[in-house]
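User: I'm new to protein structures, and I'd like a close look at one part: the charged side chains that pair up, and the strands around them. Could you walk me through what is there?

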Amino acid sequence: MIPTRVPSLLLAALLSSAAPAALAADDQPSVFGWVEKATLEPWGVEVKAKLDSGALTSSLDARDIELFEQEGEEWVRFRLKLEDEESGELFTERMELPLYRDLRVRGAGGVDERPVVLMDVCLGGTVYEEQFGLRDREEMNYPLLLGRRSIGHLGLLDVRETFLTEPDCGEDAPYVPHDPDEAE
């Protein structure tokens with residue numbers, strides 16, 4: 001007889017057993033809430049991140065986004081404007097990064113095209129190089145949204161909880177590079 005109600009963490013563990021997961025010191029998968037604190041590296045600016053299993057690609061609040069060409073390659077220029085959750089100070093940084101790919105998002109408002117770049121983010125005690133679609137998220141509650149591609153690297157997601165981890169990535173923190181061979 002199959003029980004009618006399986007606790008969500010047990011179900012998540014069963015469903016994710018075939019997927020790679022970040023392992024804690026005791027070889028148990030890390031558990032993250034649906035909202036966590038994260039730091040954008042290398043600056044260490046702390047932001048609230050929403051872990052959204054309904055989104056495939058992660059999204060980062062960026063302003064003044066423009067594409068340009070540099071030495072025959074496509075690049076993207078943008079400005080980060082984020083409130084550091086730890087200090088309360090405004091963090092701004094103008095950036096130029098290689099364009100990783102273009103993202104096409106379909107929603108109720110139509111089709112939106114966004115540039116995607118690779119950036120580093122610290123969650124828990126690990127730095128992850130992830131894909132981030134750039135979009136003005138000023139009107140959103142969370143400047144950073146982590147989609148399924150990123151969540152799949154982290155461990156388990158407990159949708160009932162928030163702030164289960166603290167970002168703590170020093171020089172010796174494990175680094176998980178982006179895998180370009182992962183399914184797009």
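Analyst: Let's begin with D112, which is partly exposed at 31% relative accessibility. Keep in mind as we go that this is a predicted model. D112 forms a salt bridge with R114, and their closest N and O atoms lie 2.9 Å apart. The general idea is simple: side chains of opposite charge can pair when their charged atoms come close. What about the partner, R114: buried or exposed? R114 has a relative accessible area of 15%, and the limit for buried is under 20%, so R114 counts as buried.

Salt bridges can also share partners, and here such sharing ties D61, R63, D136 and E138 into one network. In total, the structure holds nine salt bridges.

R63 is a good residue to follow through this network. One of its salt bridges is with D61, with 2.9 Å from N to O. D61 and R63 are both buried, and for R63 the relative accessible area is 10%. Another salt bridge joins R63 to E138, where the closest N and O atoms are 3.9 Å apart. This pair connects distant parts of the chain, since R63 sits in strand β5 and E138 in the loop between β10 and β11, 75 residues apart. E138 has a relative accessibility of 47%, so E138 counts as partly exposed.

Now look at the sheet that R63 belongs to. Strands of a sheet pair through backbone hydrogen bonds, either parallel or antiparallel. In this case three strands make an open sheet in the order β5-β6-β7, and their pairing is antiparallel. Why do β5 and β7 each have a side without a neighbour in the sheet? They stand at the edges, β5 covering residues 63-70 and β7 covering 90-98, and each has a single partner strand, so one side of each is left free of a neighbour in the sheet. From one strand to the next, the twist averages 15 degrees.

Let's take the two pairings in turn. Six bridges join β5 to β6, and in this pairing R63 stands opposite R79 of β6. The hairpin of β5 and β6 has two residues between its strands. E71 is in that loop, and its phi is positive, about 50 degrees, although E71 is not a glycine. With a relative accessible area of 78%, E71 is exposed.

On the other side of the pairing story, β6 spans residues 73-83 and pairs with β7 in the antiparallel sense over nine bridges. There F78 stands opposite M95 in β7. E83 also lies in strand β6. Leaving out residues up to four places away in sequence, E83 touches E46, V47, G88, E89 and L90. The C-alpha atoms of E83 and E46 are 8.0 Å apart, although the two residues are 37 residues apart along the chain.

F78 leads us from the sheet to the nonpolar core. The largest nonpolar core has 28 residues, and those touching the most other members are L60, F78, L80, M119, V121, L123 and L144. Several elements give two or more residues to this core, among them β6, β7, β9 (110-123) and α2 (148-154). Want to see how M119 fits in? Leaving aside neighbours within four places in sequence, M119 is in contact with F78, L80 and M95, and its contacts also include W43, L60 and L97. E129 and E130 are on that contact list too.

A word on confidence to finish. The mean pLDDT of the protein is 86, and 84% of the residues reach 70 or more. Residues 1-21 are another matter: pLDDT stays under 50 there, and the model has 14 contacts beyond four places in sequence for this stretch.

How values were computed:
Residues numbered from 1 in each chain as written. Predicted model: local features only at pLDDT ≥ 70, side-chain atom pairs only at ≥ 80, totals over all residues. Heavy atoms only, no water. Pairing = 2+ DSSP bridges. Helix = DSSP H or I, 4+ residues; strand = E, 2+ residues; numbered from the N terminus. Axes fitted to C-alpha atoms, helices over the stretch in contact; angles between N-to-C directions. Core = buried A, V, L, I, M, F, W, Y, C linked by side-chain atoms within 4.5 Å. Buried < 20%, exposed > 50% of the residue type's maximum accessible area, 1.4 Å probe, protein only. Contact = heavy atoms within 4.5 Å. Salt bridge = Lys/Arg side-chain N within 4 Å of Asp/Glu carboxyl O. pLDDT = per-residue confidence, 0-100.
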